[in-house]
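Student: I'd like a close look at one part of this model, the sheet, strand by strand. Could you take me through how its strands are joined and what lies around them?

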Amino acid sequence: MNARAYTPPLGKGKTADYDVAIRLWTREMRWRRAMLNVLAARPRETILDVGCGTGSFAAMLKASEPAARVIGIDPDEEALTIARAKADASALDIAWEQGFASDIDARGADAIVSSLMFHQVPMAEKRAALSAMFAALRPGGRIVIADYGRQNGLMRILFRLTIQRLDGVADTQPNADGLLPELVKAAGFRKVREIERVHTVTGTVGLIVASRPD
Ligand SMILES: C[S@@+](CC[C@H](N)C(=O)[O-])C[C@H]1O[C@@H](n2cnc3c(N)ncnc32)[C@H](O)[C@@H]1O
């Protein structure tokens with residue numbers, strides 16, 4: 001059986017270089033802190049980080065709210081190895097699962113976060129991932145997505161020269177065309193809002209929040 005295809009953390013680049021690249025090229029702390037603030041995790045909540053990669057956000061989240069149950073999910077073994085080492089180094093108790101966004105099971109989670117994953121997955125997987133996330137949340141649960149969104153003017157050129165070179169055009173262009181909020185709505189989420197747009201040398205990263213109706 002063929003292994004299921006996916007784009008690894010840095011696309012054509014090396015996973016070992018991922019953390020440095022994200023720090024240098026994406027104004028990482030700006031959008032990660034904004035995610036943390038809008039998520040506003042509470043003690044005992046179960047929160048999934050889908051497409052968690054090397055675990056930077058899951059680690060930030062667990063450090064900020066140690067009484068939350070944080071679960072990082074990603075298909076990439078090398079990324080998960082880096083994530084585990086990061087959590088262990090800071091004595092953060094995070095659960096890591098190897099798997100795809102479209103395969104996450106219904107589990108009554110309070111919240112789901114996902115950063116920089118959607119621009120890397122094919123259109124069918126974007127839709128399937130959002131449906132699986134909807135089903136994985138409890139009624140009233142919330143979702144926070146940070147990803148490359150609509151690219152305008154100079155941002156479209158920068159996005160083309162950087163992210164689209166690393167991750168290809170087919171999967172990234174729907175994001176650049178601003179489709180993500182519509183896909184979130186189509187999956188059944190309500191109160192879908194893009195609350196912030198962070199301009200970077202690799203394009204504009206948008207922050208989307210939404211909730212599963214009660
Ligand atoms: C650009 S990285 C982002 C990692 C992390 N969320 C962050 O903020 O640094 C995208 C991640 O999505 C993962 N990924 C790719 N396709 C996926 C899929 N279908 N389901 C879940 N994760 C996927 C990759 O393995 C990679 O770790």
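Tutor: Happy to: what follows is a walk across the sheet, then a look at the ligand shell and a few loop residues. Please keep in mind that this is a predicted model.

Let's begin with the overall layout. Seven strands make up an open sheet with mixed pairing, and their order is S3-S2-S1-S4-S5-S7-S6. At the edges sit strand S3 (95-98) and strand S6 (190-200), each of which pairs on one side only. Ignoring direction, neighbouring strands of this sheet are turned against each other by 15 degrees on average.

Now let's go to S1, which spans residues 46-50. This strand is mostly covered, with four of its five residues buried. On one side, S1 runs parallel to strand S2 (residues 69-74), and five bridges join the two. If you want a residue pair to locate this pairing, Thr46 stands opposite Arg69 in S2. The connection between these strands is worth following too: S1, helix H3 (residues 56-64) and S2 form a β-α-β unit that is right-handed.

S1 also pairs with strand S4 (residues 109-115), again in parallel, this time through three bridges. Here Asp49 has Val113 of S4 as its bridge partner.

From S4 we can step across to S5. These two strands pair in the parallel sense over six bridges, and one of the pairs to look for is Ser115 with Ala146 in S5. The chain gets from S4 to S5 by way of helix H5 (residues 123-136), in a β-α-β crossover that is right-handed. Strand S5 itself covers residues 137-148 and is mostly covered, since nine of its twelve residues are buried.

Where does the antiparallel pairing of S5 come in? Strand S7 (residues 203-211) runs antiparallel to S5, and seven bridges join them. Val144 has Val209 of S7 as its bridge partner, while Asp147 is bridged to Gly206 in S7.

Next come two helices that pack on the sheet. H3 touches S1, S2 and S4, and its direction makes about 180 degrees with that of S2. Helix H6 (residues 154-161) touches S5, S6 and S7, and its direction makes about 100 degrees with that of S7.

With the sheet in place, we can turn to the ligand. There are 23 residues around the ligand, and those that come nearest are Gly51, Gly53, Asp76, Ala101 and Ser115. Ser115 is the residue we met above as the bridge partner of Ala146. By class, the shell consists of 14 nonpolar, six polar and three charged residues.

Two of those nearest residues turn up again in the contacts of Pro9. Leaving out residues up to four places away in sequence, Pro9 touches Thr15, Tyr18, Gly53, Thr54, Asp76 and Ala79. Pro9 belongs to the segment before helix H1 (18-25). Is Pro9 buried or exposed? Pro9 counts as buried because it has 26 C-beta neighbours inside 10 Å. For a long-range distance, take Pro9 and Asp171: they are 162 residues apart along the chain, and their C-alpha atoms are separated by 14 Å.

Finally, some loop residues. Most residues other than glycine have a negative phi. Against that background, Ala40 has a positive phi, near 45 degrees. Ala40 lies in the loop between helix H2 (28-39) and S1, and it counts as exposed because it has 12 C-beta neighbours inside 10 Å. Ala91 also has a positive phi, near 50 degrees. You will find Ala91 in the loop between helix H4 (77-89) and S3; with 9 other C-beta atoms within 10 Å, Ala91 is exposed.

The last stop is Val169, in the loop between helix H7 (163-167) and helix H8 (173-176). Val169 counts as exposed because it has 11 C-beta neighbours inside 10 Å. Its C-alpha atom is separated by 14 Å from that of Gly203, a residue 34 places apart from Val169 along the chain.

Methods. Residues numbered from 1 in each chain as written. Predicted model: local features only at pLDDT ≥ 70, side-chain atom pairs only at ≥ 80, totals over all residues. Buried ≥ 20, exposed ≤ 12 C-beta atoms within 10 Å, placed from the backbone. Pairing = 2+ DSSP bridges. Right-handed = clockwise from strand over helix to strand, strands pointing away. Near = placed C-beta within 6 Å. Nonpolar A, V, L, I, M, F, W, Y, C, P; charged D, E, K, R; others polar. Axes fitted to C-alpha atoms, helices over the stretch in contact; angles between N-to-C directions. Contact = placed C-beta atoms within 7 Å.
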